[in-house]
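Student: I should like to examine how the labels applied to a model follow from their definitions. May we begin?

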Amino acid sequence: CDECSYSSKISGNVKTHMKIHTGEKPYQCEECNYRCIDNGRLKNHMKIHSGDKPYKCEECIFKCIKIGDLKNHVRIHTGEKPYKCRECNYSSTTSGNLKTHMRIHTGDRPYKCEQCNYRFTEMGKLKRHMRIHTGEKPYHCGECNYSCTASGNLRIHMRIHTGEKPYKCRECNYSCISSGSLKKHMRTHTGEKPYKCWECNYRFTQIGNLKKHTAKSHIGVGSAITIVENP
């Protein structure tokens with residue numbers, strides 16, 4: 001390929017590959033607006049509409065439409081993480097996850113919110129963020145009226161009902177439902193107080209305590225208080 005480092009012994013493969021650069025997508029799905037560069041990709045896509053998932057995991061009930069997706073899935077069971085970051089110790093089961101991770105190092109945030117200019121490394125994070133603006137809370141608790149914008153938040157909330165507390169303190173018997181709660185608790189052992197009041201230099205272990213302090217001790221100047229998480 002004259003545009004990148006791709007090479008192949010088969011001229012047809014190069015011809016198909018070049019469509020990535022030209023943007024040409026001659027194969028179109030009759031069920032939706034999906035278009036692609038070759039017939040093989042179109043056949044895989046059509047399985048979405050037919051419901052056909054011929055590739056099955058032997059370890060669990062997972063099924064998928066592409067052999068590549070099955071290979072990636074099996075690594076969950078084997079623990080294999082062949083894609084490694086050159087900048088840190090991160091490794092992943094798929095090249096896509098590694099590509100997303102690398103944006104942490106490069107600073108690239110290609111997904112931008114049109115409402116507030118906030119930028120993200122992943123499309124999924126942008127979609128979750130947009131719910132702040134729309135007010136959408138699609139994840140609902142079956143035990144109470146709680147609803148939230150992200151499935152992870154619902155999983156944490158459900159531990160209130162199940163009593164599960166998987167995060168345990170190494171210094172004492174404290175356990176809790178989320179890593180954030182454990183992080184706050186650990187400050188009682190380390191003495192860390194990252195939240196600082198700029199009016200009197202008083203420090204706190206939790207941001208909530210700082211807000212209470214400013215409301216009580218610095219009436220009328222609360223809006224001028226700057227909160228920082230670094231000493």
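Tutor: Buried means under 20% relative accessible area, exposed over 50%, and partly exposed in between (1.4 Å probe, protein chains only). This is a predicted model, in which local features need pLDDT of at least 70 and side-chain atom pairs count only at pLDDT 80 or more, while totals for chains, interfaces and linings use all residues. Residues are numbered from 1 along each chain as its sequence is written, and side-chain values use heavy atoms, with hydrogens and water left out.

Student: Why is E164 called partly exposed?

Tutor: The relative accessibility of E164 is 41%, so E164 counts as partly exposed.

Student: What makes E164 and R159 a salt bridge?

Tutor: A salt bridge requires a side-chain nitrogen of Lys or Arg within 4 Å of a carboxyl oxygen of Asp or Glu. The closest N and O atoms of E164 and R159 are 3.8 Å apart, which satisfies that criterion. R159, at 17% relative accessibility, counts as buried.

Student: How do you know that R103 is buried?

Tutor: R103 has a relative accessible area of 14%, and therefore counts as buried. R103 also forms a salt bridge with D108, with the closest N and O atoms 3.9 Å apart. D108 is partly exposed, at 39%.

Student: Why is D38 called buried?

Tutor: D38 has 18% relative accessibility, so the term buried applies. The side chain of D38 meets that of R41 in a salt bridge of 2.5 Å, N to O. R41, with a relative accessible area of 40%, is partly exposed.

Student: How many salt bridges does the structure hold?

Tutor: The structure holds 7 salt bridges.
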